[in-house]
Protein chains: 2
Amino acid sequence: MDEFELIRRFFSRHSDSPVVVTGVGDDGAVLRPPAERDLVTVIDTMVAGTHFPADMNARDVGYRIVAVNLSDIAAMGAEPRWMTLALTLVEADADWLDEFAGGLYEAAGEWGVVLAGGDTTKGEQLVVSIQMSGDLAPGTALYRSGAQAGDTIYVTGTLGDAAAGLGRLSEGPSGHYLARRFARPTARVRIGKALAGIAHAAIDLSDGLVADLSKVLEASRVGAELDVRHLPLSQELLDAVGREQALRHAMGGGDDYELCFAVPESLLPAEIASEVTAIGRISAEAGLVCRDGDSVVPFDDTGYRHF
Amino acid sequence: MDEFELIRRFFSRHSDSPVVVTGVGDDGAVLRPPAERDLVTVIDTMVAGTHFPADMNARDVGYRIVAVNLSDIAAMGAEPRWMTLALTLVEADADWLDEFAGGLYEAAGEWGVVLAGGDTTKGEQLVVSIQMSGDLAPGTALYRSGAQAGDTIYVTGTLGDAAAGLGRLSEGPSGHYLARRFARPTARVRIGKALAGIAHAAIDLSDGLVADLSKVLEASRVGAELDVRHLPLSQELLDAVGREQALRHAMGGGDDYELCFAVPESLLPAEIASEVTAIGRISAEAGLVCRDGDSVVPFDDTGYRHF
């Protein structure tokens with residue numbers, strides 16, 4: 001199977017998206033984005049053995065690389081539209097590719113995102129990059145840099161599940177809840193869009209709450225106080241590892257791909273209020289202080305860093 | 001050096017481009033493309049040891065990954081605007097990164113292209129992907145599929161140099177002319193733009209003339225006749241390998257990144273006429289016939305295929 005056959009067999013599904021003039025199969029794709037909107041572009045790479053276990057099932061690999069890019073688009077407040085794929089394979093295994101493409105199209109289809117182009121190459125290790133583009137009203141993009149003292153800090157979903165789930169992937173694709181939270185992150189696209197032009201700052205939690213919130217604080221030149229009693233923890237996580245380890249995962253574990261954002265409480269959009277949890281407040285003094293009720297909790301920055 | 005430090009040190013050069021609202025450093029970049037233009041997006045990956053020698057100097061690696069993407073943009077007839085980088089490194093070597101970034105910004109700067117975002121990861125092998133976007137007037141994109149019987153087939157530059165140069169890279173970055181043709185392809189952006197809305201079909205020559213022209217013929221459901229006496233060959237190539245081997249490289253060697261396009265002779269834009277060479281003609285019957293004057297030349301499809 002050569003490169004051209006591979007693309008035709010696995011990555012050429014038809015789309016009805018009005019933004020795609022010409023998709024996969026030429027030197028490039030031609031897109032017609034909605035008028036008078038800004039574009040947002042993100043790119044995220046996963047290396048087998050570094051970002052996920054090398055034996056993770058192919059459908060989840062395909063789903064996850066799309067979901068983590070959707071999460072970046074959500075963190076910017078944009079509407080996802082199209083994506084391109086750079087896929088470096090050790091070998092062209094038809095069964096693997098069929099599953100991988102299935103997961104990729106499944107995640108993309110949930111948000112109407114079109115695979116518009118790609119490049120497949122051969123290497124010694126599986127490397128998967130997706131570049132995704134979306135759009136939003138000019139001036140409404142969410143950055144890390146706008147948090148202000150007094151803003152409430154919110155997160156979506158529950159934290160720490162993915163870190164605990166990483167070791168449970170061998171239970172199979174339909175396995176443990178926590179494993180699915182690692183393999184199939186839920187991109188918070190709808191919530192990100194609701195926050196565009198409203199929230200003061202946002203980020204998606206890929207490296208862990210402490211590490212990622214710290215990026216917001218640094219970019220915004222502010223500090224924050226959290227109360228760990230408010231961190232949203234799933235019952236599954238508490239049952240599996242107990243409260244102390246659950247808090248450690250929630251603070252320092254990565255890969256949750258939940259959103260963390262800062263907004264004045266009075267501006268929180270009503271339609272997402274039931275889907276987010278207030279975990280603390282932005283303060284004027286630099287630094288992050290974590291409390292457990294009346295006591296201060298010491299913590300390390302255990303955010304995952306690649307080098 | 002962690003990922004954030006690496007991006008800040010090497011990949012955060014300021015740009016004045018009016019299309020970039022916010023560049024490197026957040027979850028995504030925000031772009032404002034020119035109004036009422038279609039977007040073209042391309043993506044190309046190079047794997048060390050597969051697409052270039054693993055010991056090729058870093059500056060050339062950076063230059064070349066940008067140039068091959070510019071070439072795809074040129075083959076579509078678009079104006080290049082911005083790009084994102086996915087870089088998988090074996091180790092974060094500051095000297096290597098400094099040179100790589102230097103070559104990348106050099107190639108991008110020649111066409112005013114902005115690095116708008118990226119992702120760096122760690123892996124067992126160097127893998128470099130660039131995704132590039134450009135724009136053009138709606139309806140003017142060049143495809144592989146529009147060639148018509150009677151069109152003249154043109155190529156830019158000279159053919160076969162890069163294939164002969166691949167073995168000469170060890171002569172160093174300022175080395176042999178042919179080695180530079182491999183390491184630093186000349187993206188034909190200006191010529192591509194001149195052909196937008198005019199040429200019937202276009203492709204860039206990455207896999208070799210026979211392989212790439214065959215893609216145009218197949219997509220357009222036509223055939224072609226070439227005369228190898230018309231193939232543009234550099235004096236350096238002829239001096240290095242002689243006419244017969246030069247023709248073999250010109251027909252089957254890849255990596256030239258010249259444009260090959262089909263257009264009625266009368267429509268060839270005057271401003272590019274001196275920079276292109278007519279090498280044959282599109283015919284109604286399927287298949288590619290190569291002549292050397294009165295005799296038919298047998299040839300193999302030696303186009304490089306990745307699997």
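Which residue of β2(B) does A:T41 stand opposite? A:T41 stands opposite B:A29, and that pair is a good way into this predicted model.

## Reading the model

Because this is a predicted model, local features need pLDDT of at least 70 and side-chain atom pairs count only at pLDDT 80 or more, while totals for chains, interfaces and linings use all residues. Residues are numbered from 1 along each chain as its sequence is written, and chains are lettered from A and ligands numbered from 1 in the order in which they are written.

## Strands across the chains

A:T41 belongs to strand β3 of chain A, residues 38-47. Strands here are DSSP runs of E with at least two residues, and helices are runs of H or I with at least four, numbered from the N terminus. β3(A) runs antiparallel to strand β2 (residues 29-31) of chain B, joined by 3 bridges; two strands pair if DSSP finds at least two bridges between them.

There is a matching arrangement to look at as well: strand β2 (residues 29-31) of chain A is joined to β3(B) by 3 bridges, again antiparallel. Here A:A29 stands opposite B:T41.

## The contact between chains A and B

Chain A and chain B each bring 54 residues to the contact, where two residues are in contact if their C-beta atoms, placed from the backbone, lie within 7 Å. On the side of chain B, strand β3 (residues 38-47) gives the largest share, with 9 residues. That side has 24 nonpolar, 16 polar and 14 charged residues. Nonpolar covers Ala, Val, Leu, Ile, Met, Phe, Trp, Tyr, Cys and Pro; charged covers Asp, Glu, Lys and Arg; the others, Gly among them, are polar.

## β3(A) from both faces

In a regular strand, side chains alternate between the two faces of the sheet. For β3(A), 10 of its 10 residues are buried, meaning that 20 or more other C-beta atoms, placed from the backbone, lie within 10 Å of a residue's own (exposed is 12 or fewer, partly exposed in between). One side carries A:D38, A:V40, A:V42, A:D44 and A:M46, and the other A:L39, A:T41, A:I43, A:T45 and A:V47.

Within chain A, β3(A) also pairs with strand β6 (residues 127-136) in the antiparallel sense, over 10 bridges. A:D44 stands opposite A:I130 in that strand.

## Two domains in chain A

An automatic or database assignment sets the domain bounds, giving domain 1 (3-136) and domain 2 (152-296) in chain A. Their centres, taken over C-alpha atoms, are separated by 26 Å. Contacts link 20 residues of domain 1 to 19 residues of domain 2, and α2(A) supplies the largest share of the domain 1 side, 12 residues.
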